[in-house]
Amino acid sequence: MKIALGGDHAGYQYKGIVRKQLEALGHEVKDFGPFSDASVDYPDYVHPLSTAVENKEYELGILLCGSGNGVAITANKHAGIRAALCWQKELAVLARSHNNANVLCVPARFVSEEVAQEMVEAFLTTPFEGGRHQTRVSKIACS
């Protein structure tokens, strides 16, 4: 799978861990930044990542920041993005299976590395159920 990866300075350390995880699983990864833990403005990285996922250049995106809120809010400004803020594996499963989320947002300051990796694995391997959920997902975008 082609995966877009990004976030902010607070998610920088976890981003490196997740990148190694994805590459070990054989996925092609594009890192949209940031490339250090120096303070940054997350929209500078989230908008390009979201555009790339929206344009289907990447199948899924993963964003890591301190709370996960800023990256989720920013990503969801894109009509074709369904970014889900998750803090446990079960939420990542539901985000994919019920909401067909295409971007996982991880709150690096509030989850362990292990939980972050479990969420990533669940997000990548859980299929969308479709059916009654597709009807609802089809009503999300405003444009």
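Contact, as the word is used in these legends, means that heavy atoms lie within 4.5 Å. The views are drawn from a predicted model.

**View 1. Surroundings of cysteine 65 in strand β3.** Cysteine 65 is part of strand β3, and because the cut-off for burial is under 20% relative accessible area, its 3% relative accessibility counts as buried. When neighbours within four places in sequence are left aside, the residues in contact with cysteine 65 are Asp8, Ala10 and Gly11, together with Val71, and also Val106, Pro107, Ala108 and Arg109.

**View 2. Histidine 98 in the loop between α4 and β5.** Histidine 98, placed in the loop that lies between α4 and β5, is partly exposed, with a relative accessible area of 27%. Not counting residues up to four places away in sequence, histidine 98 touches Phe128, Glu129, His133 and Val137. One of these, histidine 133, belongs to helix α6 and is buried, at a relative accessible area of 4%. With residues up to four places away in sequence again not counted, histidine 133 touches Ser97 and Phe128 as well as His98.

**View 3. The two positions annotated as "active site".** According to the UniProt record, an unreviewed entry, the annotation "active site" covers Cys65 and His98. These positions span 34 residues in sequence, and their farthest two C-alpha atoms are 23.8 Å apart, so they do not all gather at one spot.

**View 4. Helix α4 and its packing partners.** Within helix α4, which comprises residues 89-97, the buried residues are Ala92, Ala95, Arg96 and Ser97. The buried residues of this helix pack against three strands and two helices, namely β3 (60-65), β4 (83-85) and β5 (103-107), along with α5 (113-125) and α6 (132-137).

**View 5. The open sheet of five strands.** The strands of this open sheet follow the order β2-β1-β3-β5-β4, and their pairing is parallel. The edges are occupied by β2 (28-31) and β4, each of which has a single partner strand, so one side of each is left without a neighbour in the sheet. From one strand to the next, the twist averages 20 degrees. Helix α1 (residues 12-24) packs on the sheet, where it touches β1, β2 and β3, and its direction makes about 170 degrees with that of β1. Helix α5 also packs on the sheet, touching β1, β3 and β5, and the direction of α5 makes about 170 degrees with that of β5.

**View 6. Strand β1 beside the edge strand β2.** Strand β1 (residues 2-7) and strand β2 run parallel and are joined by four bridges. Leucine 5 stands opposite aspartate 31 of β2, while the bridge partner of isoleucine 3 in β2 is valine 29. The chain passes from β1 through α1 to β2, in a β-α-β crossover that is right-handed. Of the two faces of β2, the covered one carries Val29 and Asp31, whereas the uncovered one carries Glu28 and Lys30. In a regular strand, side chains alternate between the two faces of the sheet.

Note on methods. Residues numbered from 1 in each chain as written. Predicted model: local features only at pLDDT ≥ 70, side-chain atom pairs only at ≥ 80, totals over all residues. Heavy atoms only, no water. Buried < 20%, exposed > 50% of the residue type's maximum accessible area, 1.4 Å probe, protein only. UniProt positions renumbered as here; feature names shortened; annotations may be inferred. Pairing = 2+ DSSP bridges. Axes fitted to C-alpha atoms, helices over the stretch in contact; angles between N-to-C directions. Right-handed = clockwise from strand over helix to strand, strands pointing away.
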